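Ready to practise reading a protein structure? Take a look at the sequence and the model, and keep both in view as you work.

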Amino acid sequence: MLSCPECDAVLDVAETELEEGDTVSCEECGASLVVVATDPSVELEVEGDDDLDEEDEFDEELDEEDAELGDEEEDSEEDDEDWR
């Protein structure tokens, strides 16, 4: 018995007929699910979920870089004041 990783609804699919890379749609929430593993058991993942994780990581990296740049600008402004 497979369940949707998004909403936990029971999926009406034959596990034995699924292969890695197949897509299944959840009738409850409409999520598009990808079969990521079949051995030892069928494992489903929301399609495009990895992309979101990578995008979130990229956004975090940008935020960290912006914070570092902000600190450098403050230091630079202090140096400019001392120079005058």
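Below are four exercises, each with a worked solution.

This is a predicted model, in which local features need pLDDT of at least 70 and side-chain atom pairs count only at pLDDT 80 or more, while totals for chains, interfaces and linings use all residues. Residues are numbered from 1 along each chain as its sequence is written, and side-chain values use heavy atoms, leaving out hydrogens and water.

**Exercise 1. Find the helices and strands, and write their pattern along the sequence.**

Step 1: Use DSSP runs, numbered from the N terminus: a helix is H or I over at least four residues, a strand is E over at least two.
Step 2: Count them; the protein has one helix and five strands.
Step 3: Read along the sequence to get β-β-β-β-β-α.

**Exercise 2. Work out which strands form the open sheet, and in what order.**

Step 1: Look for pairs, meaning two strands with at least two bridges between them by DSSP. Strand 4 and strand 5 are joined by four bridges and run antiparallel. Here V34 stands opposite E45 in strand 5.
Step 2: Put the three strands in order, which gives 3-4-5, with antiparallel pairing.
Step 3: Check the edges. Strand 3 (23-25) and strand 5 each have a single partner strand, so one side of each lacks a neighbour in the sheet.

**Exercise 3. Describe the largest nonpolar core.**

Step 1: Recall that such a core is a set of buried Ala, Val, Leu, Ile, Met, Phe, Trp, Tyr and Cys residues joined through side-chain atoms within 4.5 Å. Buried means under 20% relative accessible area, exposed over 50%, and partly exposed in between (1.4 Å probe, protein chains only).
Step 2: Pick out the members that touch the most others: of 13 residues, these are L2, L11, L18, C26, L33, V42 and L44. Strand 4 (32-37) and strand 5 (43-46) are the elements giving two or more residues to this core.
Step 3: Zoom in on C26. Leaving out residues up to four places away in sequence, C26 touches C4, C7, A9, L11, A31 and L33, with contact meaning heavy atoms within 4.5 Å.

**Exercise 4. Examine the backbone at D8 and at P40.**

Step 1: Start from the general rule: most residues other than glycine have a negative phi, and most peptide bonds are trans.
Step 2: Check D8, in the loop between strand 1 (2-3) and strand 2 (10-11). Phi of D8 is near 65°, a positive value. D8 counts as exposed because its relative accessibility is 58%.
Step 3: Move to P40, in the loop between strand 4 and strand 5. The peptide bond from D39 to P40 is cis, with omega near 10°.
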